[in-house]
Amino acid sequence: MKKFSSLLIVLLLMLTSFTAGAEDIRGDVNRDGTVDITDVTWLINYLLHGTWYNDPVDNHEWVDLGLPSGTLWATMNIGANNPGECGDYFAWGETAPKEIYNWSTHIWCNGSENTLTKYCTKSNNGNNGFTDDKTELDPEDDAAYVNWGSSWRMPTIEQLQELQQNCTWTWTQQNGNYGQLVTGPNGNTIFLPAAGYRWDHGLYYEEYGNYWSRTLDAGYSTCADNLFFGISGGFVLYSTRSTGLTVRAVRVSQN
């Protein structure tokens, strides 16, 4: 006990020594804005177990599915209160749900699919020939980053493909919603509810799942890649950017 107490004191001194002033929080291990005993607890947990606690600021849980990349997947959709809920719908590149989903309401165009103002690789789709060759969402346009904090991002197309190719998919039901139970190589699971998609004022094809990536489609500036699934499993395809789809976030490495 005496040895452990001494370790606590040493660790606290180490953390305190990292702070040169009131606004210098390099010892803020858990990123809550202060350096205190909770940072010591986090550091001890990392030294003993090699893992960090869930971020107390965003307080969203994740699962390690044992994937080759080490990607950590959130346990529920953005905007959901439990894993079985569908959550919010987002047009690609937008960070808040809305009433109407179409090109006239899309933030990154001037009213049509041929007047794109950001994320455009084809001049015929750009506003007055605009292109920027951006193929991945900036953090400020990422629904996961904006709604859940800097520890989260929407997945890349590669992360969606990895989920599809390395996991077992089982059609099941949770909280009254059908969807796919995705089981990773290590036996851990996440549930992806079938939520359909939104267009104009309506909700369509609720028996299917549609989840955005943060990757612009390689062939079409008007589309972005997404994970699509039905009762038989999932695969990666692309959808029109102005469509409202659900988002399942991935955890950004803290190491």
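**Figure 1. A search for cavities in the predicted model.** Searching the whole structure, which is a predicted model, turns up 1 cavity of 30 Å³ or more. The volume of the largest cavity is about 40 Å³. Which residues line the largest cavity? They are Trp 73, Pro 155, Leu 160, Leu 163, Leu 192, Tyr 211, Trp 212, Leu 227 and Arg 248. Two elements, helix H4 (157-166) and strand S9 (209-216), each give two or more residues to this lining. Sorted by class, the lining has 8 nonpolar residues, no polar ones and 1 charged residue.

**Figure 2. The whole protein, to help you find your way.** Before the next close-ups, here is a quick overview. The secondary structure comes to 4 helices and 12 strands. Of the 255 residues in the protein, 44% are buried. Among contacts with a separation of 6 or more, 51% join residues that are 24 or more positions apart.

**Figure 3. An open sheet of 3 strands.** Follow the strands in the order S9-S10-S11, and you will find antiparallel pairing in this open sheet. S9 and strand S11 (233-240) are the edge strands, each pairing on one side only. From one strand to the next, the twist averages 30°.

**Figure 4. Strand S9 beside strand S10.** Strand S10 covers residues 223-230, and 5 bridges pair S10 with S9 in the antiparallel sense. To trace the pairing, look for Leu 216, which stands opposite Ala 224 in S10. The chain passes from S9 to S10 by way of a hairpin with 6 residues.

**Figure 5. Strand S10 beside strand S11.** How many bridges join S10 to S11? There are 8, and the two strands run antiparallel. A good place to start is Cys 223, whose bridge partner in S11 is Thr 240. The hairpin that joins S10 to S11 does so through 2 residues.

**Figure 6. Strand S10, covered on both faces.** Of the 8 residues in S10, 8 are buried, and the strand is mostly covered. On one side sit Cys 223, Asp 225, Leu 227 and Phe 229, and on the other Ala 224, Asn 226, Phe 228 and Gly 230; all of them are buried. Leu 227 may look familiar, as one of the residues that line the largest cavity.

**Figure 7. Tyr 208 and its surroundings.** Where is Tyr 208 found? This residue lies in the loop between strand S8 (202-204) and S9. Is Tyr 208 buried, partly exposed or exposed? Tyr 208 counts as partly exposed because its relative accessible area is 30%, a value between the 20% and 50% cut-offs. Leaving aside residues up to four places away in sequence, Tyr 208 touches Ala 194, Ala 195, Gly 196, Phe 228, Phe 229 and Gly 230. Take a moment to find Gly 230: Tyr 208 and Gly 230 are 22 residues apart in sequence, while their C-alpha atoms are 4.8 Å apart in space.

**Figure 8. The hairpin of strands S4 and S5.** Strand S4 spans residues 168-174 and strand S5 spans residues 177-183; the two pair in the antiparallel sense over 7 bridges. Thr 168 stands opposite Thr 183 in S5. This hairpin has 2 residues between the strands, and Asn 175 takes a positive phi near 50°.

Methods:
Residues numbered from 1 in each chain as written. Predicted model: local features only at pLDDT ≥ 70, side-chain atom pairs only at ≥ 80, totals over all residues. Heavy atoms only, no water. Pairing = 2+ DSSP bridges. 1 Å grid on protein atoms, 1.4 Å probe; cavity = no way out; pocket = protein on both sides within 12 Å on 5 of 7 lines; lining within 4 Å. Points joined across faces, edges and corners; volume = space filled by probe spheres on them. Nonpolar A, V, L, I, M, F, W, Y, C, P; charged D, E, K, R; others polar. Axes fitted to C-alpha atoms, helices over the stretch in contact; angles between N-to-C directions. Buried < 20%, exposed > 50% of the residue type's maximum accessible area, 1.4 Å probe, protein only. Contact = heavy atoms within 4.5 Å.
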